[in-house]
Amino acid sequence: IVPVYIEVILLYATNDAEAVEQSPILNALRVFRLFRLLKLSRYVPFMRTIGATFSKSIVPFAMTLFIVIIYAFIAASLMFFFERGSWSGAHRTWVRDGTGEKLEFESIIDWV
């Protein structure tokens, strides 16, 4: 409820709705509202079960995320080397063979 009142006060004070909507302080207060769901787990038994399941599954989730990131870098590297074209000293970037147009990706990280 506090973020709503702060938003109304700021809106009347500044008359700039876009600046009020993108205020980092209000966004932080809105995130704290999500923590109320954690309080709910005390009263609902299946929420405790879900919490226990997630806490026991954190290592497999982390390993899966690590493997996905490795595969993303491998795929990005392959795409970069297959489509890189040739280096243009005049443009100081990679250009497509034949057309000479500048590539939108300059490194492997740009492909990820």
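This report covers confidence, one long-span helix check, a nonpolar surface patch and an aromatic pair in a predicted model.

The protein chain has an average pLDDT of 80, and 89% of its residues score at least 70. Confidence varies between helices, and the two extremes are tabulated below.

| Helix | Place in the confidence range | Mean pLDDT |
|---|---|---|
| H7 (residues 108-111) | lowest | 62 |
| H6 | highest | 89 |

Helix H6 covers residues 58-83, which is 26 residues. With a rise of 1.5 Å a residue, H6 should span 38 Å, and this agrees with the 37 Å between its end C-alpha atoms. Just after H6, Gly85 adopts a positive phi of about 75 degrees.

On the surface, a nonpolar patch is formed by Val31, Phe32, Leu34, Phe35, Leu37, Leu38 and Leu40, whose accessible area together is about 720 Å². Two elements, helix H3 (24-32) and helix H4 (36-40), each give two or more residues to this patch. The most comes from H4, which supplies three residues. Leu37, one of the patch residues, lies in helix H4.

The aromatic count comes to one pair. Phe54 and Phe61 make up this pair, with ring centres 6.3 Å apart and planes at 45 degrees, a tilted arrangement. Phe61 has a relative accessibility of 46%; because this value falls between the 20% limit for buried and the 50% limit for exposed residues, Phe61 counts as partly exposed.

Definitions and conventions. Residues numbered from 1 in each chain as written. Predicted model: local features only at pLDDT ≥ 70, side-chain atom pairs only at ≥ 80, totals over all residues. Heavy atoms only, no water. Helix = DSSP H or I, 4+ residues; strand = E, 2+ residues; numbered from the N terminus. Expected span 1.5 Å × (residues − 1). Patch = residues over 30% accessible without salt bridge, like charges linked within 9 Å, V, L, I, M, F, W, Y side chains within 5 Å. Areas by Shrake-Rupley, 256 points an atom, 1.4 Å probe, with all protein chains shown as cover. Salt bridge = Lys/Arg side-chain N within 4 Å of Asp/Glu carboxyl O. Phe/Tyr/Trp six-rings, centres within 6.5 Å; stacked < 30°, edge-to-face > 60°. Buried < 20%, exposed > 50% of the residue type's maximum accessible area, 1.4 Å probe, protein only. pLDDT = per-residue confidence, 0-100.
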